[in-house]
Amino acid sequence: MSLKEVGPMQEIKNHMQIPRDEYIAGGHSACQGCGHFIIVRHLLKAAGPNTIVVNPTGCLEVVTTVFPYSSWRVPWIHVAFENGGAVASGIEAAIKALQRKGVLPKDEQINVVVFAGDGGTVDIGFQSLSGMLERGHKVVYVLLDNEAYMNTGIQRSGSTPFGAWTTTTPVGKKWKGEWRVRKDMIQIAVAHHIPYAATINPAYPVDMYNKMVKALKADGPAFLHAYSPCPTGWRFDPSRTIEVARLAVLTGYWVLYEYDHGQYKVNVPVLKRKPVKEFIKLQGRFRHMTEEQIKKLQEIIDQQVEMINKLVGKQVIGPVVE
Amino acid sequence: MPRLALTTNYAVAHAAKDSDVDVVAAYPITPSTPAAEKLAEFVANGEMDAEYIHVESEHSAASALVGASAVGARAFTVTASQGLIYMSEVLYIASGLRLPIVLGVASRALSAPLSIWGDMHDIAPLRDAGLIIYFVSSAQEAYDTVIQAFKVAEDPRVHLPAIVDYDGFVLSHVTEPVETIEKEEVLKYIPKNITWNTLNPKKPISMGTVGDPDWYYEFKYQQQVAMENALQVAVEADEEFGKMFGRKYGIVEPYCMEDADIAMIAYGAHAGTARVAVDKAREKGIKVGLIRLKLWRPFPSEQLKKLLEGVSVVGVLDRAMALGGPLQGPVALDVGTLIATKVPGVKLVSFTIGIGQRDVRVDDLVKAAEMLDEVAKGKEPPEKTVPIGLRE
């Protein structure tokens, strides 16, 4: 079994094969334990230097580019909050036109990648993402989901899970945190008839890396929904990021699955799920939850798991076992 | 050089085609829609080699143009009214990112109430956005000015977005003769030279970073310097256009100003109406002249100053209402500042015309000239903007 690093755009069998070149520099001002950078670093390794990054407003953009400093070793653009999909569409189309007219070399693939938060994707960026997916631009869109508008100080988003405290769904006499069920972005992406969509999780780096390669090679839009734990917003010790990310998978809260040209596959089967309260007790944002709320969250997860099992055609994610 | 019968909408589409635009991202909105359709037709037929992005909104149209221009493409769109305001967030950003995108705007009134009809309410608020803004008065001029706009926008002394604004329906939908220019000849005037900063994997840069209080001011100041440069660049571009293609306009166009005691300033389609009114007023003995404003931003202060020296009163015919302002005409506000700072002693009268495409009659403008004449003869100028055509 080879332990040597591979070149960009190649799937790996183990983590030792991950390319060593770094395309994002340290020294930025992200919080300790931020999930974003693990994900971004790996995607850039998979993509290589011939990559243009579009980065709507959010934590990632703000911590990496306070003029005159930048962490980015690839060309990078920030335009606004809600238009990642549209800016990427313009870049992708321009590259096509310029290659056709001989201004850019025809044989050089330039990857176009969007890194956007749940703010810039699930809510304000939804329309722009939808247009890009529907039109079929060859762009990899990575949703870095930390489940709230973290950059502006932890306000709820359409991706905030049931029960979570945020500053706009606080815990008081009448409200007890978020009361709605988050949007299913993989299903929304798939509804646009794109070739590839997948969930990824930094606690499963080989699976994550290989999905990134598949996304970059897709013959159309590819959507990666990345789980990005946020110690600051979720209230857990920054040393536990990977532990939280892993527990999300082991409880079925976050299912690692992919959609590839019409076929669904669960990449990390979980035959015996841990109960969601194992996951909740690690995070301060869920501290206030009552038995009833925890039961409701468990039901939501059970329903999500059932839906995915149906899509795959067998019980790949098993029942909760205490 | 085929001479075609074209509406202004079709004229700007032809100009984009003949300028070898690489990317079009357009969303339909009345009265600009036929221009977007004509561009699609050109691409569909293979007459124009461009990527056509069927964006899902105007905000995304401008965003896609920013992305395309950031990679070095020549990028173009058309819009109007609500669409222009919706995309305006991105136009400010395009200016700050110093990207030379060009837009055709078929100017239309703004909701509420909902109006599809022409006036200049949509372009007026963008005055301060850091965009080059041209008003045109004919289909031919629109065709020529789109081409000039690329030259000015892409000039290394400028690098700013440019808008060619034309009256909705009155120009956008009216057929006129247009001398078009072969693409190869246009490209001699505006060769494809990527002079601006772009996203290139061989030389990576970060565009659109955070500018904290230690840096933001200087970036804005640089935009202002570029706007100031743009004035000279616009003059040069027009001169060169004249030499190569035989037509030039100036950035202000005087008519009968040599011996005028009274000046009327107008822009867009109704400058034509004002010209006829000037002739009629002259027949009545009123020594009035017309200044057609072609370039609004950057504001041609020196050129206007020269024309206003020696004039005792100026009347500005605005096609939008700057609600709540000291006067309600957007260009009148600019002219007022010019007078106060550079040509003191000239009296100012502000008029609004054609609001929501209310008919503008030659006789209305002759009456305006008569009003200006009375002010020249000593009557106090009206304190508020005079709303020509309003039912009181």
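Let's start with the building blocks: chain B contains 11 helices and 16 strands. Please keep in mind as you look around that this is a predicted model.

Now step back and take in the chain as a whole. Along its principal axes, the C-alpha trace of chain B spans about 70 × 55 × 45 Å. Is that what one would expect of a globule, and what does the radius of gyration say? A compact globule of 392 residues would have a radius of gyration near 21 Å, and because chain B has 21 Å, the two agree. Inside, 57% of the 392 residues in chain B are buried. The contacts also reach far along the sequence: of those in chain B with a separation of 6 or more, 80% are between residues 24 or more positions apart.

Next, look for the two parts of the chain. Chain B is divided into domain 1, covering 3–245, and domain 2, covering 252–387. Taken over C-alpha atoms, the centres of domain 1 and domain 2 of chain B are separated by 28 Å. Where they touch, domain 1 of chain B supplies 24 residues to the contact and domain 2 of chain B supplies 21.

Let's finish on the domain 1 side of that contact. Two elements of chain B give two or more residues to it: β6 (132–135) and α7 (216–245). Which of the elements gives the most to this side? That is α7(B), with 5 residues. Sorted by class, the side of domain 1 of chain B that touches domain 2 has 16 nonpolar residues, along with 4 polar and 4 charged ones.

Notes:
Residues numbered from 1 in each chain as written. Chains lettered and ligands numbered in written order. Predicted model: local features only at pLDDT ≥ 70, side-chain atom pairs only at ≥ 80, totals over all residues. Helix = DSSP H or I, 4+ residues; strand = E, 2+ residues; numbered from the N terminus. Rg over C-alpha atoms; globule rule 2.2 N^0.38 Å. Buried ≥ 20, exposed ≤ 12 C-beta atoms within 10 Å, placed from the backbone. Contact = placed C-beta atoms within 7 Å. Domains from an automatic or database assignment. Nonpolar A, V, L, I, M, F, W, Y, C, P; charged D, E, K, R; others polar.
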